[in-house]
Amino acid sequence: MDEEVIPILRVADAAAAVAWYERLGFTKQWEHRFEPDLPAFVEVARGPVRLFLSEHTGDARPDTLVYLRLRDVDAIAVSFAVPVEEAPWAREIELRDPDGNRLRIGTPTE
């Protein structure tokens, strides 16, 4: 087993959040609910990059910032109609998901 860190992001509607993350190239891996009417806990992945999306109160706070190092920041910027910023370490954009979580996405310049 490889060791990894998987950020947990608070979402109000897991299905809507999954649809938004699919625009970034993520796919839903699985969903868990303790009972049909209880909050969802979902994993989305884009290759080796994984995020947990949780409807559970207290799992995470809104306005969380996650940095994603991805290969195609330019394509994502076009898809979301946002400008790419040049930083010394990467070409970057910043997005907010429907729940206000911030995603800084960068493609390293080296």
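**Exercise 1.** In this predicted model, determine whether Glu31 is buried or exposed, or partly exposed, from its relative accessible area.

*Solution.* The relative accessible area of Glu31 is 36%. Buried requires under 20% and exposed over 50%. The value for Glu31 lies in between, so this residue is partly exposed.

**Exercise 2.** Identify the salt bridges that Glu31 forms with Lys28 and with Arg33, and state the accessibility of each partner.

*Solution.* Begin with Lys28: its closest N atom lies 2.7 Å from the closest O atom of Glu31. A salt bridge requires such a pair within 4 Å, so the contact qualifies. Lys28 has a relative accessible area of 40% and is partly exposed. Turn next to Arg33, for which the closest N and O atoms in the pairing with Glu31 are 2.9 Å apart. This contact is likewise a salt bridge. Arg33, at 33% relative accessible area, is partly exposed.

**Exercise 3.** Which accessibility classes apply to Arg50 and Glu43, whose side chains meet in a salt bridge?

*Solution.* The N to O distance between Arg50 and Glu43 is 2.8 Å. Arg50 has a relative accessible area of 26%, which makes this residue partly exposed. Glu43 has a relative accessibility of 9%; because buried means under 20%, Glu43 is buried.

**Exercise 4.** Which residues are joined into one network by salt bridges that share partners, and how many salt bridges does the structure hold?

*Solution.* The network consists of Asp63, Glu94, Arg96, Arg102 and Arg104, linked through shared partners. The structure holds 11 salt bridges.

Definitions and conventions: Residues numbered from 1 in each chain as written. Predicted model: local features only at pLDDT ≥ 70, side-chain atom pairs only at ≥ 80, totals over all residues. Heavy atoms only, no water. Buried < 20%, exposed > 50% of the residue type's maximum accessible area, 1.4 Å probe, protein only.
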